[in-house]
Amino acid sequence: MLSFLLALAPAVAPNPAEAGRIQFNRDIRPILSDKCFFCHGPDKAQRKADLRLDTREGLLGRSGEPGTVVSEKPAESELFQRIISTDASKRMPPPKAGKDLTESEKATIRKWIEQGAHYEGHWSFQPVAKSGSNDAGAIDTLIGAELVRRGLAPVSEADRRTLLRRLSFDLTGLPPTPQEVDAFINDKDPGAYARQVERLLASPRHGERLAMWWLDLVRYADSVGYHGDQPVSVHPFRQYVVESFNANVPFDRFTREQLAGDLIADGGDRGKIASGYNRLGMMSAEGGVQPKEYLAKYIAERVRNVSGVWMGVTLGCAECHDHKYDPFTAKDFYRMQAFFADINEKGLYGGGKDWGPSIAVPMASQREELAKVDAEIAKLRAVSTKADPMMESAQLAAREAWRILEPRKVASTGGAKLVVRGNGQVVASGKNPATDTHEIEIVAPPGGLAAIRLEVIPADGLPARGPGRAANGNFVLTEIVARKAGDPKAEPLSFSSARATFEQKGALVGNPWGLWTARAAIDKDAKGRNWGWAVMEEAGQANAAEFTLASSVPEGTALRISLEQNHPNAGHTLGSYRLMGSSKPADPLLRPLADDATAILAKVPASRTAEEKAKLLAAIRRDINEGAGTGAELKKLEKRGAEILAGAPTTLVTERVMPRTVRILHRGNWMDDKGEIVTPGIPEVLGGFKARGATPDRLDLANWLVSSENPLTARVTANRIWKMFFGAGLSRSLDDLGSQGDWPSHPALLDHLASRLVESGWDLRALIRGIVMSDAYRRSSVAPRPVRESDPYNRYLARQSRYRVDAEMVRDNALAVSGLLVEQMGGPSVFPFQPPGYWAYLNFPTREWRNDDGSSRYRRGLYVHWQRQYLHPSLAAFDAPSREECTAERSRSNTPLQSLVLLNDPIHVEAARELARHALEAKPNDAARLAWIFRQALQRVPSPDEAKVLAALIDNQRKHFKGLPADAAALVSVGGFKPVPGAETIELAAWTGVARAMLNLHETITRD
């Protein structure tokens, strides 16, 4: 033990009461930060007399330049003389500041100077001290040493019922069953407790418990927050979090996936879903929004969230000026912003499903059906007809006749954002105007241009995968116009014919063509500008239209192709397509091939590798076969697959685009375009930063956050995990480890935990296991008066802490002990009972909460719909946050309203009734029933006094409901239960009253 303490000695805080030593970070910095930094700190704009008291140089001076403190000489130290001065014109802080130092604070500063004025850099910015030992008892060793120094004796271990109840709530968010408590009490093996720890850590409920913590930090919600607070689908992200914790995904990987899952090469759908973290901030669809202003709001909030979640500092305070207390500059803030400048978003969203890039995430049943459909498709495609070399050769020649017309310029007259991807693919995003015209400049290929081919291509992120942007994936090309580029007076070229691989047959009212035909797109609107080419029945599939020019255009001629989309049904615009050209009309008319085959076709035949030739031949052969007998069945299956995906839940994802310019905004003014342009970077005070490439990106930021160069993330995470198991962090400022934060009660222990977290490969479960296996965790929360009076806030951990469980757990506990809890994981958020009219003031659109029927209303609080402006009232009553911003710590109040919720919220009434009903079925008499309810709710038997009170209560309730049978029927009917008329209903109502009292006990909603 002695060698272990010596190894940790540099990080252990001396006790002034014992050693008389003053430590700068613990004793002096908090005084200076509170009383002096506002005028003499990091903010140069606010700094007075060009004096800094937050740096070594400002306090102690530099070579050839004295500071304000002279080591060992308070009488010669201007800092000290100013704070004790009786002259109001000299005293610091000045009287008008209202920040006078106490006599104790002045004495502490004097003593620090007398002892040599030793200076330290801020503790949380210093490298994490190595743990020095893998000893499983290190936690207790460090806590024990501090208790000895403070003359405190640790209390004994809690009884086994309390231990298992505490452990179950802490690790799963749910209470143990009476049977689990009995088994633990009767298990005399020395390893019994460890087995309970492993059982609960392995439970799928463990991931749900940790998710409650994490979703507060990353501000997860099911609504967008601003203005109309409309719903948004992001619940697959919540399930990603639960599954990650259950799989014990290393915290560094967990970090990278959320900040940059879209940039990880093998991230797949998991990485895309995780990247939805960047899209969880609030958004607006309010018509008066200035898009540029809200883009500034969104990107600034991301800096606040990242610095809050992973760094535990208030970097957001530097948005308008240099930080007043910590060494962060406004430039640091905007350099952090620049990491997020590549996210595809817009300031003003359209509402509905228009909240930016998203992907479909099929639920389990949908995945199962999709797998069957995909297997059938694979089986059909595996059926090969006899190879026909002549047909294959003819199709290859027909396809090689077409060349991709690479766009030189693209523009949308309606304001859509057009981006050119590989193989000439044009993808539209952003605003979807009611009508639009896409202007594309191309050059006639070698041999000239005789025909233009428009291939419409499905793409992720489009409704039903497109290829159009209408809600059903359709589009209407009302006219295609070609003219020479650069000449505004150039006459449109004439087309002689048009054809398409598919032409829409439905919705033909008023259509003079009898089809939504490609021919309508070259008639110069002779039959009306509403008509054109569309593909409604084959939305989600690739198709092509070919337009033959009346006269060939010489090679090298620059042309401007206008794709007009003027259908009166708003938003029927093109979403994903490419243009191809041929020097002569080509036969046969063929559907587009897959992208990889198109890329091979784009190459000169002689340059294709043998592998590429084989791939191309396979694609052509598949196309020929699908056009034969199996084609119709394949189309049917593909359509079903598209329908399944179209009906699947979606989730917001991060889509990378060309980064926009980020400037330092003077006083945070979004209209100020004069500030310095900045590139991505970390706060300068936190040291160097290595990027993978020339320009740092979000993945580089994530790598740095979990690197050894950043001391904050490990400390912040360890501190917050500790709070989960003791009710408070070792530093009680969970959201601010900066100068205004709280000095840790056990600095060496915090560094030990942080170091072990990193050394374990960021294994959160190992950290949690170590904490709950410690003696400190297992102590009783009942302590003798001297211990309580010496350490009223339990900072030094001679005992455990007693506190109410979080809002979701209050509800979950009632459902669990009553037998109502449905432990289904994942899926969309649920809507349990809520008072009618609670959403009456929600507008744009107006709406009403819809109470779920069936089992959904009995699911865990984690899955309750999280409406930022109108959080479910039972969650709000127990201090759940709105999640508009990062919440590192929930407040914990104790109000009469909470008792009213426990008595009257329909879910609690229903839980009480079910608890009563089970008691009536399980036990034959009052005494046994009372004991049974007590065991279910608290996992113990009542004391004689408690049993006496409850016996009087059941007698009182029977008398009450015998006189009011209608009230009895109404009480037991809450939640849709159908009561049996007569005495049975009165008895059930009476016992429901007893169960309501049990669920309202302080002990019932307390984890200890």
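This report describes a predicted model of one protein chain, first as a whole and then around the residue His-227.

## The chain as a whole

The protein chain has 1008 residues, and buried residues account for 55% of them. Its secondary structure amounts to 36 helices and 17 strands, while the C-alpha trace, followed along its principal axes, spans about 100 × 95 × 55 Å.

If we consider the contacts between residues at least 6 apart in sequence, 74% of these contacts join residues that are at least 24 apart.

## Surface and charge

The accessible surface of the protein chain comes to about 42,300 Å², and carbon and sulfur atoms contribute 54% of that area. As for charged side chains, the chain carries 131 positive and 123 negative ones, and the centre of the positive set and the centre of the negative set lie 0 Å apart.

## The setting of His-227

Turning to a single residue, His-227 sits in the loop that runs between helix H12, which covers residues 204-217, and helix H13, which covers residues 235-246. His-227 counts as partly exposed because its relative accessibility is 37%, a value that falls between the 20% limit for buried residues and the 50% limit for exposed ones.

When its neighbours within four places in sequence are set aside, His-227 is in contact with Ser-284, Glu-286, Phe-844 and Gln-869. Another residue, Val-289, is 62 residues away from His-227 along the chain, and the C-alpha atoms of these two residues are separated by 10.0 Å.

How values were computed: Residues are numbered from 1 along each chain as its sequence is written. This is a predicted model: local features need pLDDT of at least 70, side-chain atom pairs count only at pLDDT 80 or more; totals for chains, interfaces and linings use all residues. Side-chain values use heavy atoms; hydrogens and water are left out. Helices (H or I, at least four residues) and strands (E, at least two) are DSSP runs, numbered from the N terminus. Buried means under 20% relative accessible area, exposed over 50%, partly exposed in between (1.4 Å probe, protein chains only). Contact means heavy atoms within 4.5 Å. Accessible areas come from the Shrake-Rupley method with a 1.4 Å probe; for residues, only the protein chains shown count as cover. Lys and Arg count as positive and Asp and Glu as negative; His and the chain ends are not counted. The place of a charge is taken as NZ of Lys, CZ of Arg, CG of Asp or CD of Glu.
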